[in-house]
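Work through the exercises below with the sequence and the structure open beside you. Try each task before you read its solution.

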Amino acid sequence: MVSVVRLAPPTKLTCGGHDLDAFVVELDAGTLDVRFELGRGMGIFWALPAAPGDRLRLLHVDGAAYTVDEPELVADPFVFDLTWLAWRGELGELDDGRTVTAVTVTASAGSGLLDPASYRCEVTLRAATGTSETRTFAWRQR
């Protein structure tokens with residue numbers, strides 16, 4: 001079963017020319033993952049890691065007034081600038097009983113060898129026992 005905690009940005013933000021609709025923490029069959037849900041015109045896009053610790057890829061997944069039969073790869077890697085964004089509190093509960101209590105996200109399109117493209121997402125989870133853990137999703141272009 002898939003469960004998600006969807007976090008809306010506090011103000012209108014853009015990521016690589018797309019509106020940031022939500023940042024999502026997802027639990028699917030025991031695997032925790034993250035994605036950016038983006039919009040552009042009538043299109044619905046997701047930016048998600050290609051693999052753990054890997055670059056973000058941009059996929060066109062659907063449309064507000066049309067259907068996309070199969071996700072289409074739009075950009076690989078998908079890089080953009082996003083200043084530090086954070087959510088804190090009781091953000092939502094996943095199906096395994098853990099509560100998402102903090103999420104921070106930042107991304108940089110980079111400007112060359114000394115400043116490579118990167119992103120970093122930290123997700124803090126609290127188990128029913130009260131113990132907390134922080135999972136980091138990050139990539140830095142080489």
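**Exercise 1. A hairpin and the histidine beside it**

In the hairpin that strand 2 and strand 3 form, with 2 residues between the strands, Gly16 takes a positive phi near 60°. Keep in mind that this is a predicted model. Describe the pairing of these two strands, and then the surroundings of His18.

*Solution.* Begin with the strands: strand 2 (residues 14–15) pairs with strand 3 in the antiparallel sense, over 2 bridges. Within this pairing, Cys15 stands opposite His18 of strand 3.

Next, look at the side chain of His18, which reaches the backbone oxygen of Gly16 at 3.2 Å. To decide whether His18 is buried or exposed, compare its relative accessibility of 3% with the cut-off, under which a residue is buried if the value is under 20%. His18 therefore counts as buried.

Finally, list its contacts, leaving aside neighbours within four places in sequence: His18 touches Leu13, Leu38, Gly39, Arg40, Phe45, Leu58 and Phe78.

**Exercise 2. The partners of strand 3**

Find how strand 3 pairs with strand 1 and with strand 4, and decide whether strand 3 is enclosed or open.

*Solution.* Take strand 1 (residues 2–7) to begin with: it runs antiparallel to strand 3, and 6 bridges join the two. One position to check is Val5, which stands opposite Val25 in strand 3.

Then turn to strand 4, which pairs with strand 3 in the antiparallel sense over 9 bridges. These two strands form a hairpin with 2 residues between them, where Ala29 takes a positive phi near 50°.

For the last step, consider burial along the strand: 8 of the 11 residues of strand 3 are buried, so the strand is largely enclosed by the rest of the structure.

**Exercise 3. Classifying aromatic pairs**

The model has 5 aromatic pairs. Classify the pair of Phe23 and Phe36, and then the pair of Phe78 and Phe80.

*Solution.* A pair of aromatic rings is described by the distance of the centres and the angle of the planes. For Phe23 and Phe36 the centres are 5.0 Å apart and the planes stand at 75°. An angle over 60 degrees counts as edge-to-face, so this pair is edge-to-face.

Now place the two residues in the chain: Phe23 lies in strand 3 (residues 18–28) and Phe36 in strand 4 (residues 31–40), 13 residues apart. In the pairing of these strands, Phe36 is the bridge partner of Phe23, and both residues are buried.

Phe78 and Phe80 have their centres 5.1 Å apart and an angle of 40° between their planes, which makes the pair tilted. Phe78 is buried, with a relative accessible area of 7%, and Phe80 is also buried, at 3% relative accessibility.

To finish, join the parts: Phe23, Phe36, Phe78, Phe80 and Trp87 form one aromatic cluster.

**Exercise 4. Reading an open sheet**

An open sheet has the strand order 8-9-10-11. Which strands stand at its edges, and how is each neighbouring pair joined?

*Solution.* This sheet of 4 strands has antiparallel pairing. Strand 8 (82–93) and strand 11 (132–140) stand at the edges, because each has a single partner strand, so that one side of each is left without a neighbour in the sheet. On average, neighbouring strands are turned by 10° against each other, direction ignored.

Now follow the order pair by pair:

- Strand 8 and strand 9 pair over 7 bridges, and Val100 in strand 9 is the bridge partner of Gly92.
- Strand 9 and strand 10 are joined by 9 bridges, and Thr99 stands opposite Arg126 in strand 10.
- Strand 10 and strand 11 pair over 9 bridges, and Val123 stands opposite Arg135 in strand 11.

As for burial, 9 of the 10 residues of strand 9 (residues 99–108) are buried, so strand 9 is largely enclosed by the rest of the structure.

**Exercise 5. One residue in full**

Where is Val123, and which residues does it touch?

*Solution.* Val123 is located in strand 10 (residues 118–126). Its relative accessibility is 0%, and Val123 therefore counts as buried. Not counting residues up to four places away in sequence, Val123 touches Val25, Val34, Val100, Ala102, Val103, Glu133, Thr134, Arg135 and Phe137. For Glu133, the separation from Val123 is 10 residues in sequence and 8.3 Å in space, C-alpha to C-alpha.

Notes: Residues are numbered from 1 along each chain as its sequence is written. This is a predicted model: local features need pLDDT of at least 70, side-chain atom pairs count only at pLDDT 80 or more; totals for chains, interfaces and linings use all residues. Side-chain values use heavy atoms; hydrogens and water are left out. Rings of Phe, Tyr and Trp (its six-membered ring) pair if their centres lie within 6.5 Å; planes under 30 degrees apart count as stacked, over 60 as edge-to-face and the rest as tilted. Buried means under 20% relative accessible area, exposed over 50%, partly exposed in between (1.4 Å probe, protein chains only). Contact means heavy atoms within 4.5 Å. A polar contact is a pair of N or O atoms within 3.5 Å; within protein, one must be able to donate a hydrogen and the other to accept it, and residues adjacent in sequence count only if both atoms are side-chain atoms. Two strands pair if DSSP finds at least two bridges between them. Axes are lines fitted to C-alpha atoms, for helices over the stretch in contact, and angles run from 0 to 180 degrees between N-to-C directions.
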